[in-house]
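Colleague: Please take a close look at one part of this model, and then place that part in the setting of the whole chain. I would value a connected account rather than a list.

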Amino acid sequence: MSDWERSSTARVTTPARARKLTKVPFVELADGRLQGVVSSGSDIGRVYVSSVAAGTYTFACSTNNNRPCGGARGSFCNHIRALINEAVLQYGAERVARYLRVETADGEPSAQTIANDMSDSRPQQGDTKDAAPVFSRFLRHLAYLELTPSTAPLPEMQWFPPTRAVA
Ligand SMILES: [Zn+2]
């Protein structure tokens, strides 16, 4: 075990498969949504906060400065598709499909069938008011990377439940 695993009281979910953190540095199934932070393909200083709601597939995408994503007009943008891909790597396709309540018609779901099934239902575009808390949670995660590994408990971590409720 690495230092940070030993010093953490929270259960660490091993990714189903290795992820490329540079493209999608933060992904979570939380608050009834698949949500996360996706790097801009062109501008290294820009990130997008993208989300898809479970059940309705209402989607949203905006920059960290709360500018709307030009690609997310009427349908999923590339950031949302990248987020779905990375969620499948992180949690496995079945768990992502179950959380989002996607019923895949034929057998094994994949990132592509999950994305297509959701976009085929012509989901609505939501507002971006939930982007700020997602982005600040991402920044908090980054801050923990800068802590010196230690086996002493982190007092502020005790505010968090030991496991995050995921489908
Ligand atoms: Zn986007």
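Modeller: Helices and strands are taken here as DSSP runs, H or I over at least four residues for a helix and E over at least two for a strand, with numbering from the N terminus. The model is a predicted one. On that basis the chain holds five helices and four strands, and the order of its elements from the N terminus is α-β-β-β-β-α-α-α-α.

I take the sheet as the part for close inspection. The sheet is open, has four strands in the order β1-β2-β3-β4, and is paired in the antiparallel sense. Because β1 and β4 stand at the edges with a single partner strand each, one side of each has no neighbour in the sheet. On average, and with direction ignored, neighbouring strands of this sheet are turned by 10° against each other. Between β2 and β3 the antiparallel pairing extends over seven bridges. Within this part of the sheet, G36 is found opposite S50 of β3.

Two of the loops deserve attention for their backbone geometry. The loop between β1 (26–30) and β2 (33–39) contains D31, a residue that is not a glycine and yet has a positive phi of about 55°. The loop between β3 (47–53) and β4 (59–63) contains Y57, also not a glycine, with a positive phi near 65°.

What burial class does D31 fall into? D31 has 13 C-beta neighbours inside 10 Å and is therefore partly exposed, since that class lies between the limit of 12 or fewer for exposed residues and that of 20 or more for buried ones. Y57, by contrast, is buried, because 25 C-beta neighbours lie inside 10 Å of this residue. Over the chain, 31% of the 167 residues count as buried.

The setting of the sheet includes a helical contact further along the chain. The axes of helix α2 (residues 78–91) and helix α3 (residues 93–100) come within 7 Å and cross at roughly 120°. Helix α2 contributes A87, V88 and Y91 to this contact, while α3 contributes A93, R95 and V96. Sorted by class, the residues in the contact of α2 with α3 are five nonpolar, one charged and no polar.

A final figure concerns the contacts of the chain as a whole. Among contacts with a separation of 6 or more, 56% are between residues 24 or more positions apart.

Key
Residues numbered from 1 in each chain as written. Predicted model: local features only at pLDDT ≥ 70, side-chain atom pairs only at ≥ 80, totals over all residues. Axes fitted to C-alpha atoms, helices over the stretch in contact; angles between N-to-C directions. Contact = placed C-beta atoms within 7 Å. Nonpolar A, V, L, I, M, F, W, Y, C, P; charged D, E, K, R; others polar. Pairing = 2+ DSSP bridges.
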